[in-house]
Amino acid sequence: MIKGESKEVWSLNHFAFLVWWIIGLVFVEKWVEFSAELCSWLGNLVKLSRLLGEIHKRTLVKMSMNGKLYGSNCRLSANFRLKKAKETMHGPNSFRKWKRNLLFLWLLGFVSTGIIWFFLSFNSVSPEGNEKSPDSCEEKARILLQHFNVSKNQFHTLASFFYESDQIAFLECARHSGLKKQSSDGIACALKVLCSEKQDFKKQQMWFVKTTVLKDQCPVQVENIPTEHDLSLLEQDTSVSQNAVLLTSLEHHSGRKNILQRSALGVHSKDHCENLSFCMVKGCWLLLVGVILSCRIPGIRWKLRRNRKNEPAPLQPVAQQLQLLLQQKQHQQAQSPAKGAGKWRKKLLVIFVLLGILTSFWLFWHLNQKIILRREETLANMCDERARMLQDQFNVSMNHVNALAILVSTFHHGKHPSAINQKTFGEYTERTAFERPLTSGVAYALKVLHSEREQFEKQHGWTIKKMETEDQTLVQDCLTENLDPAPIKDEYAPVIFSQETVSHIVSIDMMSGKEDRENILRARATGKGVLTSPFKLLKSNNLGVVLTFAVYNKDLPPDATPDQRIEATVGYLGASYDVPSLVKKLLHQLASKQTIVVNVYDTTNASAPISMYGTDVTDTGLLHVSNLDFGDPLRKHEMHCRFKQKPPLPWTAINASLGVLVITLLVGHIFLAAISRIAKVENDYREMMELKARAEAADVAKSQFLATVSHEIRTPMNGVLGMLKMLMDTDLDAIQRDYAETAHASGKDLISLINEVLDQAKIESGKLELEDVPFDLRSLLDNVLSLSSDKSNGKGIELAVYVSDRVPEVVVGDPGRFRQIITNLVGNSIKFTQDKGHIFVSVHLVDEVKGAFDVGDKVLQQGLNLVQDMSSRTYNTLSGFPVVDRWKSWENFKVLNGKDTTEDPEKIKLLVTVEDTGVGIRLDAQARIFTPFVQADSSTSRHYGGTGIGLSISKHLVELMHGEIGFVSESGVGSTFSFTGAFGKGEASSLDPKWKQYDPAVSEFQGLGALVIDNRSIRAEVTRYHLRRLGISVDITSSIESACTYLSSTCGTSAFAHLALILIDKDVWNQETILQLRSLLKEHRQNGRLDVSTHVPKIFLLATSMSPAERSKLKTAGFVDNVLMKPLRLSVLIACFQEALGNGGKDQIQRKKTSTLGTLLRDKRILVVDDNKVNRRVAEGALKKCGAIVSCVERGRDALDKLKPPHNFDACFMDLQMPEMDGFEATRQIRSAESEVNKKIASGETSIEIYGNVSHWHIPILAMTADVIQATNEECMKCGMDDYVSKPFEEEKLYSTVARFFKSG
Amino acid sequence: MDVVNQLRRQFVDYYTSLHREGFVDDQFTQLQKLQDENSPDFVVEVASLFFEDCEKLINNMARALEQQQRVDFKQVDASVHQLKGSSSSIGAMRVKNVCIAFRSFCEAQNREGCLRCLQQVTHEYSLLKNKLQTLFRLEQQILAVGGSIPVVE
């Protein structure tokens, strides 16, 4: 049993170890993974923070330096933004992973603890049931067998002994000894019944098994099988004995009992099931709670943080905002709620670890207690077992002695003459000695009264002798003959029969020994066996006791009084017991005798127990005492049991508790690590937030700086430019002029750069909005080209523009921004094109390129042919140089791929292409050219200058126009940029007058014919486009020779009659052929009888670059009428043609230009509000000059009075900064007054006549401000102003602003 | 006619020198353009308004800055703003530039700087006043001999 247990414990330990090992492995693996992840994450964070630090540092440095540098600052911030975006993309991801790990740990912990718990509970339940059963079962079987054997043996001996004796005497004897033979009912019956009993037993067992099968359908059947067996064995035991008593009626009873017991078992097992499932459910719930908690806690924290983040930041001036931001940060740091959270987490962790340690201690204590309890139980069981068996054995022996006493009384005293003499007694006792294995010998003493002594002595032939000493010894190592005769007493108890082993005590008076005498007296008074206290037996030198039974001469009733018993006493039967051998023999039969030590004590005298068996052993802690009842109430015996070994260390408990401890510490460690990481990350986060705030503050400062600087730079720059211009007008020599011009150009560049930077800032802040005004696309392009022509001509690059016929004349959009994009692209192209080739701007409808196979436009066709015809030596391009395939530049556009489904019939989509033959963009740089402040490579800015902001702005602008921008570029060949944009269709009539300046001229040339001689069809096509705009019909020939033949062939037709212009490109220019042509023309004219002087077609030379000297030379030589410098522009064409054809259009144009402002403002009543006398006077002067009628007031309040409806002012110019009431406030009040009046009129409260027949009062209020900052502008609009003009007045600006309000008037 | 031409040249030279030295800028030219037969004394009128204004403002500022403690920088700032507005209106570039610096000192509440700037402004103002008065005198002389005032771009 112990072995089995230890094996079980060992396997349990083994299993536990395995579990730890696996858990440990998993932990280590996960931990490594987890920490690696954390490391990478932290690495990113560190990188980010370093980056931020750098940015911050650089920003500060840059801020303190001059304005040019903040371009790079901006670039940095852009980079930073990019990186940040990446980080934020990466950040939550890793956090999620991390969170998942935490969850996993939780799960793991719970699962492992659950498993352990389950196993522990299982182990604590099952071994208890298991361990006892086989052991006790075995023992019981043996006992049963023993009993059975004893009974059988007895029958056998009796049978052999009495085979010839009397039936009656036998029956009597049998009746007397009935008590002893408890396992069989009647001896005679028993022999017969045995067989049927067995059969019954079998039957019952069968039935029993059946019920078991039927009843027991619980899944824990397996566990209960041992118990079942146990029960069935017990059942057998009881049923055997019961069957012997009640043969027939038992079956039902026992069955019922069985059923009851079965059902009890069922309930028990069901309980077990429920317990188990309850445990599982509990475990699951705990797990769930843990998981939810671990999910919720970070969530809550996030929420908290977000809340913290969402603190409203009030709008405040920048400097204050900056300070506030920093203050907020400091405040947050001072409060540091994150730190508080960290503390809270730490506390929780400490509690958790403490709980874990406590749990482990408790577990240890609990398991240890259980082990000890089990040990005690085992000991108690074993001890009780032994005590009971000893008792049983003893009782059996006693019964035998009793039976012997009865035998003696029956056959010695009950028969005359006696059937027993010394010989038969000796023989019988010797032969039945196996019945009393524990007695060393039995003897029978007769009760002899003193009166009978003589007769007795005579009869036996010996005298009654007394014991030598009065001690307890029964047998002494001396001869009977040496003993003295017994002294005279009332009565004697001389031994008459004795077993051979103790034959020496015959004739000794037992009453003479004190102990024996007491024994005898007690025995006859009680009628039961009595025991002496232990003493040393003579021969075996072992401790022994003497058992004495009284023999009566008649059968006494059980309730006979002691006197009656004494009266009936005839003799005494004594037997000596050898206790040590008894115990030894007994213990020998039992299993696991090695593990325990048994001591037997006689404790009749409680203060001084007499050891009967066993050696003194060292105290091993546990002691179990069982009482022994040897059938003598006066004597008390105890059995003391001990384990031989000290209890082994409770490894199960140690392992389990250590495991829990280790898990707790591990988990604690992990959480500690996690918490410290979190704290670190939070710290980093805070740091980064601070840095971010600083960076943001720097950004705000940057905007502020931009706004201020732009204003402050522009003002002095205007001075610089103005001065330079004046300087250039003075008498300068060539070098001085060159210097001045360079300075002027640089200043202009600087201004444009500032504007670009401002644009970029506006775009980035999303403040840029596009206008929607109708404009003439073609003249806008002319404008752009005229601006760029200086540069392109200087470089010898041909610059041309072409607009498809299908593009409407007037489109609605933002001309300024459109111009900006094209200027940017063209500017770039000029910058990167070196002294050869061309730049070609073409505009088409998107629809034109949608179907590549039915392209009607010749310019587009050229693009197609180019691809098909690359092998030809010269290229059919504007300048003959190769270009990239422009079709590729827009092939990714969504509009063309049909992805763009937002088709608006009101809108037209324009496709603008700028083609150049420049250096091209390297492939690796192509991806980033739209990034602000990034150029194709760093050497670019060295070679070509520029900031790299233009394309970025263009891209944004294109996007604002709902378009796309793309390009195709090849290094060494050139680049082609294309963009689309959505524009409204405009009516020519809605066009602003400033676009219409050429209109009269156009009609002037209507119906004329022209011949273009050009060897490049594209170039000819461009020329044709320009001429067609003037209403001139164009024919094209590729050389002068072919022109001659053309002229010859058309001679006399109307086309020839209308031919007024011949345009010859410089490429085909040849002085001789020109002369030929001229003479041919004259000839033809004369042939046609036309007036030679007026109607000879004028010949123009088209040239890209030509010095004025050359031009005049050609002109004076009479080869050509004039030289047209490319790029061709409508205005230039008109001027030239007018000059050549003799119409003076110049004045007309001039006149138109000057009169604009005057006509706009003439007789308009304008109120000027300004507190500054000088300003007021100047404004008044300026407006008066334009023909306006000006009134002035110097305070906002006065303006209120003046502008209270009805009044007759047409507009109001309002200064913003005035004492008492500033411009904003004044405007607000004016507007509120107006709306009140409007409401009254609308509701009919007051008649419209009172308010001068004006149903809606709204006077245009224009702010006068020296600031051009966006914010000021916005504030103006917010408080109800209509627009603003910068102070001091600039004519153009004033015009464009005022024009909006006085267009109708 | 010679006298007229001489005077005119003198005027132009003087005028350009004013421009060159930065006393006046384009705005002043614009002002002169505004002067026509409807308002023959426009520039003089504006200039005298400006001088009046300036003196008043300078006095104000000087008074405000006299206080050793508790200088009312707000008031000074307002005055400087006014002055800046006036000067930019009339095209008095140097005065205006000093005003810009002046304002930054005001914002920084730097009394020393303000005082320095005030001194500068006073100086520039008196300089400008002298120059303009000379110019106007020239104008008068030209007109007196019957010439027209040349337009200088």
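**Exercise 1.** Leaving aside its neighbours within four places in sequence, which residues is H81(B) in contact with?

*Solution.* This is a predicted model, in which local features need pLDDT of at least 70, side-chain atom pairs count only at pLDDT 80 or more, and totals for chains, interfaces and linings use all residues. Residues are numbered from 1 along each chain as its sequence is written, chains are lettered from A and ligands numbered from 1 in the order in which they are written, and side-chain values use heavy atoms, with hydrogens and water left out.
Step 1: contact means heavy atoms within 4.5 Å.
Step 2: with those neighbours set aside, H81(B) touches Q1217(A) and R103(B) under this rule.

**Exercise 2.** Is H81(B) buried, partly exposed or exposed?

*Solution.*
Step 1: buried means under 20% relative accessible area, exposed over 50%, and partly exposed in between (1.4 Å probe, protein chains only).
Step 2: H81(B) counts as partly exposed because its relative accessibility is 24%.

**Exercise 3.** State in which element H81(B) is found, and what UniProt places there.

*Solution.*
Step 1: helices (H or I, at least four residues) and strands (E, at least two) are DSSP runs, numbered from the N terminus.
Step 2: H81(B) is found in helix α4 of chain B, residues 73–90.
Step 3: an unreviewed UniProt entry places "modified residue: Phosphohistidine" at H81(B); UniProt positions are given in the numbering used here, feature names are shortened, and annotations may be inferred rather than shown by experiment.

**Exercise 4.** Describe chain A and chain B by their elements and buried residues.

*Solution.*
Step 1: chain A has 37 helices and 29 strands, while chain B has six helices and zero strands.
Step 2: of the 1305 residues in chain A, 46% are buried; in chain B, buried residues make up 50% of 153.
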